[in-house]
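Here's a walk through a protein model, going from strand pairing out to the overall dimensions. Keep the viewer open as you read.

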Amino acid sequence: MKVFTVSQVNRIIKDLVDNEVILEDIMVTGELSSFSITRGIAYFTLKDNETMLSCIQFGAKKEFKIGDSVQCKGNIKYYAKMGKLSFNALTIELCGQGELYKKFLEMKEKLSAEGLFDEEHKIPLPKFIKSIGVVTSKTGAVLQDIKNIALRRNPNLNIYVYDAQVQGNLAVEQVIEGINYFDNFSDVDVIIVARGGGSLEDLMPFNDEKLARIAYICNTPLISAVGHETDFSILDFVADLRAPTPSAAAELVTYNNADLIRYVKDIFLSIQNKIDSMLREYTDNVSLLTADIEHEMSTLVNDQILYLNSIIDKVDRAMDNSVDTARYKVDILLNTLDRLNPVKILKSGYSYVSLNDKPISNNVKLGDVVDIRTNSLKLKAEVKSKENL
């Protein structure tokens, strides 16, 4: 058995393909399942109901959309260095939309009319997300991209993964199961449905009506991160947020420490400014209140002083009146006493008769010696006679 090197095998295949006349200057029709232009070179894939064909066009100037039905003229080429068979298109002509793309547009129009794409139903993402649930294939590069970017920006982020096929017959049901699982998982703040880029048929599970309706009723914020930035699916329109790529979704749901520090500083500065403003306002209010109190106290004190002065005036007047009245009464009493003064009576020619230093009365007897006092004399006399009046 002869042993060949890889280069030898590729050269043999290349000779067979390049020398096959039937593969030269042929027309190929099919549906575009991918299309991109880089530096004037178009890379695209043609498909029909059974197979796919990789194609290339040099000097490409015209853009085509995924789902377009085209007719290409060119040759089959085998690139030995890469071991890849490709159709080298010289011309590409549009001949109608493909069936898959038509179904996509019909579904989009139907669900849009029902309001599944309306912004009023979109749930905003939380400001700071602590946990995310990712529905994707656990073996794909997409999951690693999300983890690398998310954990680099926020090492404290919790990432939960629901392993689901993102292509093929089982993809729709498994993605739905993943969404329902995380929607009932209280620890998850956001759900990301993710897969890498691909052809239109590769992304068809994410154009499924049942998946769209499950995404619509999901109570947890849902991010669609399906395909490349130029790829669109029905899930993109129903989801609360569309990320152009899975990597972009990881950035959308995470914040780095510097952002958090700036956010906290801004909050602290805002609170400090608010407190300073409140203190200034309270100080002004206290000053105004103090001035009002001082004014009220001054007015009250002045009123009380005026009131006390009026009381003092009344008391003074009352005392003066009382003194005058008392003086008048005293004068009357003095006059009365003066008139009743025994000395003054004696001066008037009267005398005072006493017995044993007591005024005489009916008890005086004949022979008693009584004292007689006049204004200027004191006499003693014997009672010689006694006569009742």
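Let's start with strand β1 (residues 26-38), which runs antiparallel to strand β4 (residues 68-79), with 6 bridges joining the two. Keep in mind that this is a predicted model. To find a spot where β1 meets β4, look for T29, whose bridge partner is Q71.

β1 also pairs with strand β2 (residues 41-47), again antiparallel, through 7 bridges. Here F35 stands opposite F44 of β2. The β1 and β2 strands make a hairpin with 2 residues between them, and in that turn R39 has a positive phi of about 55 degrees. As you step along, remember that side chains in a regular strand alternate between the two faces of the sheet.

Now zoom out. The protein has 9 helices and 14 strands. Its radius of gyration is 62 Å, well over the 21 Å that the globule rule gives for 389 residues, so the protein is more spread out than a compact globule. Along the principal axes, the C-alpha atoms fill a box of roughly 205 × 45 × 40 Å.

How much of the protein counts as buried? That's 31% of the 389 residues. The exposed area comes to about 25,600 Å², with carbon and sulfur atoms supplying 55% of it. Among contacts between residues at least 6 apart in sequence, 60% join residues at least 24 apart.

One last stop is helix α8 (residues 257-340), where you'll find L279. L279 counts as partly exposed because its relative accessibility is 47%. It helps make a nonpolar surface patch of about 690 Å², along with Y263, V264, I267, I271, I275, M278 and Y282.

How values were computed: Residues numbered from 1 in each chain as written. Predicted model: local features only at pLDDT ≥ 70, side-chain atom pairs only at ≥ 80, totals over all residues. Heavy atoms only, no water. Patch = residues over 30% accessible without salt bridge, like charges linked within 9 Å, V, L, I, M, F, W, Y side chains within 5 Å. Areas by Shrake-Rupley, 256 points an atom, 1.4 Å probe, with all protein chains shown as cover. Salt bridge = Lys/Arg side-chain N within 4 Å of Asp/Glu carboxyl O. Helix = DSSP H or I, 4+ residues; strand = E, 2+ residues; numbered from the N terminus. Buried < 20%, exposed > 50% of the residue type's maximum accessible area, 1.4 Å probe, protein only. Rg over C-alpha atoms; globule rule 2.2 N^0.38 Å. Contact = heavy atoms within 4.5 Å. Pairing = 2+ DSSP bridges.
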